[in-house]
Amino acid sequence: DGISANSYLKISNSVSETIDITTNNGAPNTITEYSSDNANGKAIRVSGITLVDEDGNETDQLSKCENNYYLLIEGGTFIINSNDDAITSKGNLVITGGDFEISTGDDGIHAEYNTVIDAAEIYINKCYEGIEGASVWHGAAITEITSVDDGINAANADLTNWSYSIYIECGKLTINAQGDGIDSNGTVEIAAGDVIVYGPTNGGNASLDADRGIKVTGGILVALGAAGMIETPSTNSTQCCVSYTLTSSTKDSIKIFNANNELLLEIESPKTYQSIIVSMPDFEKGETYTFEVGGLKTSVTLSTTSVLTKMGSSQGSMPPGGSGGKPGRPR
């Protein structure tokens, strides 16, 4: 491990001060679930205490851990190349500043309980999973994630009676995931900011995945992915959403125009997709918009009775909140 603390660690450097950590030869060239499960060498960790019961036997009662372990990063420039998790806490993890360049053979940022990210620039260029916690909160940060599995995951199979959640309050979040782009074993809520998800190309995963629904109340959401497991924002959202399923996969650019032919949004995808999910403040019920994909234009008039409008093929789609998200891999 690069930096390891038993129970509490606070880093409050300025961005002019660089912490450069490489552990156990860094991230492997090829990352798999097997390799991530067997990785060793965390970059920054808080989890050193071994809990014992009244008889002196080792125990790992997570109910004792939430407030016993705390990792706080307030600033600094971090260059991390770790074989195991880059930044991890057995309890809570809070990042309120700093610049991060991360390559890791396992999770980029991981907490067993609450993960909070605000006012930072985070580039997770290589990882198994990007950001994980039983609850994840994203504020005024710029975050870019490229992951072999989930981009952001709210899960912990060892917890009971926990309200798993991902809450994106603001900021700019870009995810390129081979697994689920945003995956919660509870809820997902997007209140503001720019959220761009380039999701999986295989139908066994989805760009958006939440057991208890996805609520969008503001901001711009674009989620591209395969058509096998489409999950759309729930009808309790307050901002209109369009779910457009193409007849076949493409890598063509996407343009969206309003009724006055004004360009509202343009997206260039780094990989193929068949499902397009878009929500933005410009969308209004009953108004007509044009989606242009690879030069082919399709008009859609938004529903007057629902915030969700579907068009195109419905193959492989799944009702909002109907996924069976997989548990996390707490360690």
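**Strand pairing and local contacts in the predicted model**

In this predicted model, strand S10 (residues 92-95) and strand S13 run parallel and are joined by three bridges. Within this pairing, Val94 has Val116 of S13 as its bridge partner. S13 also runs parallel to strand S16 (residues 135-138), to which four bridges join it. Here the bridge partner of Val116 in S16 is Trp137. Val116 is thus bridged to Val94 and to Trp137.

The side chains of S13, which spans residues 114-117, alternate between two faces. Thr115 and Ile117 point to one face and are buried, whereas Asn114 and Val116 point to the other face and are not buried. Such alternation between the two faces of the sheet is what a regular strand shows.

Five aromatic pairs were found in a search of the whole structure. One of them, Tyr113 with Trp162, is edge-to-face, because the ring planes stand at 65° with the centres 5.3 Å apart. Tyr113 belongs to the loop between strand S12 (109-111) and S13, and Trp162 to the loop between strand S18 (152-154) and strand S19 (165-168); the pair therefore ties together parts that are 49 residues apart in sequence. Tyr113 is buried, with a relative accessibility of 3%. A ring also takes part in a contact of another kind: the charged end of Lys297 sits over the ring of Phe257, at 5.7 Å from the ring centre.

The loop between S18 and S19 also holds Asn161. This residue is not a glycine, yet its phi is positive, at about 60°. Asn161 is exposed, its relative accessibility being 84%. A positive phi, of about 70°, is likewise found at Asn25, again not a glycine. Asn25 is placed in the loop between S3 and helix H1 (33-37), and its relative accessible area of 73% makes this residue exposed.

Strand S3 (18-23) is also an edge strand of an open sheet, as is strand S34 (308-312), each pairing on one side only. Eleven strands form this sheet, in the order S3-S8-S11-S14-S17-S20-S23-S26-S31-S28-S34, and the pairing is mixed. From one strand to the next, the twist averages 10°. Within the sheet, strand S28 (residues 241-250) and strand S31 (residues 273-279) run antiparallel and are joined by six bridges. In this pair, Cys241 stands opposite Ser279 of S31.

Two further buried positions were examined. Ile230 is located in strand S27 (residues 230-231) and is buried at 4% relative accessibility. The C-alpha atoms of Ile230 and Ala206 lie 6.0 Å apart in space, although 24 residues separate the two in sequence. Ser47, by contrast, is a loop residue, located between strand S4 (44-46) and strand S5 (51-52). With a relative accessibility of 16%, Ser47 counts as buried, because the cut-off for this class is under 20%. The side chain of Ser47 makes a polar contact of 2.7 Å with the side chain of Arg45. Beyond residues up to four places away in sequence, Ser47 touches Ala5, Asn6, Tyr69 and Lys90.

Note on methods:
Residues numbered from 1 in each chain as written. Predicted model: local features only at pLDDT ≥ 70, side-chain atom pairs only at ≥ 80, totals over all residues. Heavy atoms only, no water. Buried < 20%, exposed > 50% of the residue type's maximum accessible area, 1.4 Å probe, protein only. Pairing = 2+ DSSP bridges. Phe/Tyr/Trp six-rings, centres within 6.5 Å; stacked < 30°, edge-to-face > 60°. Lys NZ or Arg CZ within 6 Å of the ring centre and 35° of its normal. Axes fitted to C-alpha atoms, helices over the stretch in contact; angles between N-to-C directions. Polar contact = N/O pair within 3.5 Å; in protein donor to acceptor, adjacent residues only side chain to side chain. Contact = heavy atoms within 4.5 Å.
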